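Please find below a short note on the structure, set out as numbered points. It begins with one pair of packed helices and then turns to the chain as a whole and to two individual residues.

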Amino acid sequence: SLRVIRKNPAKSLLPLREEEGRGVVALRGGLLSDVIGDALMVTDELTMFRALQAWMESDVSNNTAKAIEVATCINLNGIPPSVLATSVAESGLVSSEHLTEAFKQQALLAEQRKGVIFSELRNLPWWTSSKDHGFTCVTDNHITEFLECESMTNGVYK
């Protein structure tokens, strides 16, 4: 049965119509762990989370503790932050510590990929060169020029 689920995990685990089968609800706890934790399953982490949530919420499971245990098999880093902050956080399947770690990893990855720039200046000061070489010091190591700066108001260059 795992081979069949691997072919189309979303349809197998979360059928849209009753005639397509019971999906994840038909699985017992041990099989659920095998399916959710299967490294060969070609699907996204959100589908696996939704399948686990459907299993937990079904009348058949009646085992929240098992669902919480199986949730550790899901890579939360692969779930969009907006879904982590809402559906996943509200489900009760994932601890706040695991959510915090997932948000941290996503933020570090975004920064690494330059998806988010965290080091932008609030206000960029600007100035113009005085062009007065009488106020310029030139040495072998550096050039220092006195600049004609715009007036500062409340600590911000305008």
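**Notes on the predicted model**

1. Helices α3 and α4 are roughly antiparallel to each other, because the angle between them, about 170 degrees, is over the cut-off of 145 degrees. The model is a predicted one. In it, α3 comprises residues 29-36 and α4 residues 45-57, and their axes lie 11 Å apart. On the side of α3, the contact is made by Gly-29, Leu-32, Val-35 and Ile-36. On the side of α4, Met-48, Ala-51, Leu-52 and Trp-55 take part. Of the residues in this contact, seven are nonpolar, one is polar and none is charged.

2. Which residues of α3 are buried? They are Gly-29, Leu-32, Ser-33, Val-35 and Ile-36. These residues cover an arc of only 165 degrees around the axis, and they therefore lie on the same side of α3. The buried residues of α3 pack against four helices, namely α1 (2-7), α2 (9-13), α4 and α5 (64-71).

3. Lys-66 deserves a separate comment. This residue belongs to helix α5. Is Lys-66 buried or exposed? Lys-66 counts as buried because its relative accessibility is 18%, and the cut-off for a buried residue is under 20%. Apart from neighbours within four places in sequence, Lys-66 is in contact with Gly-29, Gly-30, Ser-33 and Trp-55. Gly-29 and Ser-33 are among the buried residues of α3, and Trp-55 is one of the α4 residues in the contact between α3 and α4.

4. Pro-80 lies in a loop, the one between α5 and α6 (81-91). Its relative accessible area is 36%, so Pro-80 is described as partly exposed. Pro-80 and Leu-46 are separated by 34 residues in sequence, yet their C-alpha atoms are 8.2 Å apart in space.

5. The remaining remarks concern the whole chain. How many helices and strands does the chain have? There are seven helices and six strands. Read from the N terminus, the order of elements is α-α-α-α-α-α-α-β-β-β-β-β-β, with the helices placed before the strands.

6. The chain has 158 residues, and 26% of them are buried. Among the contacts with a separation of 6 or more, 49% join residues that are 24 or more positions apart. The chain exposes about 11300 Å², of which carbon and sulfur atoms supply 53%.

How values were computed: Residues numbered from 1 in each chain as written. Predicted model: local features only at pLDDT ≥ 70, side-chain atom pairs only at ≥ 80, totals over all residues. Heavy atoms only, no water. Axes fitted to C-alpha atoms, helices over the stretch in contact; angles between N-to-C directions. Helix = DSSP H or I, 4+ residues; strand = E, 2+ residues; numbered from the N terminus. Parallel < 35°, antiparallel > 145°, perpendicular 65-115°, else oblique. Contact = heavy atoms within 4.5 Å. Nonpolar A, V, L, I, M, F, W, Y, C, P; charged D, E, K, R; others polar. Buried < 20%, exposed > 50% of the residue type's maximum accessible area, 1.4 Å probe, protein only. Arc of directions from axis to C-beta. Areas by Shrake-Rupley, 256 points an atom, 1.4 Å probe, with all protein chains shown as cover.
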